[in-house]
Amino acid sequence: MTTGANTVGDVFSAGAEEFHLWSGALWDPVGAATAAVAAPTAGESVLDACCGAGASALPAARAVGPAGRVDAVDLAAGLLSIGERRAREEGLDHLRFHRHDVTSWPVTGDGYDLVQCALGVFFFPDMDRDTAALTRKVRPGGRFVVTVWEKGALDGWQSALREAVLMERDLPHRPQRDQLARIDTADTLAAWLQDLGGSVPRVVRRQFDTPLSPATAWTLATGSGTRGMLTGLSPAAVERVRAEFTARIAAAGVTDLDVRILTGTASFTG
Ligand SMILES: C[S@@+](CC[C@H](N)C(=O)[O-])C[C@H]1O[C@@H](n2cnc3c(N)ncnc32)[C@H](O)[C@@H]1O
């Protein structure tokens, strides 16, 4: 594998194939849960921020129908092309994928009825400032919906990966972990939405387990943001991390991925 990618878009793009292997078991159910809380209706306009391969943009596009519009925006070209293909296969012409930094995505008119962002805000360089920029793309009275990992999510898988990487190098600083830690409970997420100017914040929790084998555990490690932990390692070092990680997953008896998410929603004055 290539480990030279640096920016978040490059990291996700380089791991796009592995990412999509997890669409059915992970990203799509999380996207469906996000869209279920957002509850887009026929004819609405939607901005899907950090859309990846379309996990939440696709259900939103089905719900708004051809009278509506979904702009799905991400930095990772590799994921956008998978999303485009999926939309084409379903004939969802009103779902458009765009390669852009979503925080500077231009909005015309009053803004979107709905701005939704699944598992994306903690990757922003400055989560408060950059999410505030997203909320300004909501039309007056429209809603902002955000899904994040709940505290404890993916724990067994994540600790095995961190321990395996530590055998090879110091862990690179991952600011997204610190940002996520500020909003990974129902209370802190609701308070954050309120601080951003949202009214009547509500948080819905969802938990499910999905089967994990040492091989699929590695696919997830290289197909998500954790791929960045391998950046700069030689192919031989990456192979040692893989062997150590998969051995640890097997030894610890981690046979499921513990998926826990929180979806927060609030209305904004735009
Ligand atoms: C964990 S993935 C989630 C993708 C998708 N929402 C899903 O749930 O399947 C995070 C995504 O955020 C994107 N991202 C991070 N910062 C971004 C930014 N400033 N603008 C656009 N996309 C961004 C990454 O490229 C990546 O595709």
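Accessible areas come from the Shrake-Rupley method with a 1.4 Å probe, and for residues only the protein chains shown count as cover. The structure is a predicted model, in which local features need pLDDT of at least 70, side-chain atom pairs count only at pLDDT 80 or more, and totals for chains, interfaces and linings use all residues. Residues are numbered from 1 along each chain as its sequence is written, and side-chain values use heavy atoms, with hydrogens and water left out.

**Exercise 1.** State how much accessible surface the protein chain has and what share of its residues is buried.

Solution. Step one: the accessible surface of the protein chain is about 11400 Å². Carbon and sulfur atoms hold 51% of that surface. Step two: a residue is buried at under 20% relative accessible area, exposed at over 50%, and partly exposed in between (1.4 Å probe, protein chains only). Of the 270 residues in the protein chain, 54% are buried.

**Exercise 2.** Count the helices and strands, then explain why the protein chain is called as compact as a globular protein of its length.

Solution. Step one: helices (H or I, at least four residues) and strands (E, at least two) are DSSP runs, numbered from the N terminus. The protein chain has 11 helices and 7 strands. Step two: its radius of gyration, taken over C-alpha atoms, is compared with a globule rule of 2.2 Å times the number of residues to the power 0.38. The radius is 18 Å and the rule gives 18 Å for 270 residues, so the protein chain is as compact as a globular protein of that length.

**Exercise 3.** Describe the surroundings of the ligand.

Solution. Step one: a residue is near the ligand if one of its heavy atoms lies within 4 Å. There are 19 residues around the ligand, and Cys50, Asp74, Asp101, Val102 and Ala118 come nearest. Step two: a polar contact is a pair of N or O atoms within 3.5 Å. A polar side-chain atom of Asp74 lies 2.6 Å from a ligand oxygen atom. For Asp101, a polar side-chain atom is 3.0 Å from a ligand nitrogen atom. Val102 places a backbone N or O atom 3.0 Å from a nitrogen atom of the ligand. Step three: the ligand taken alone exposes 600 Å², and the protein buries 98% of that.

**Exercise 4.** Place Cys50 in the chain and classify its exposure.

Solution. Step one: Cys50 sits in the loop between β1 (45–49) and α4 (57–64). Step two: its relative accessibility is 22%, so Cys50 counts as partly exposed.

Conventions: Polar contact = N/O pair within 3.5 Å; in protein donor to acceptor, adjacent residues only side chain to side chain.
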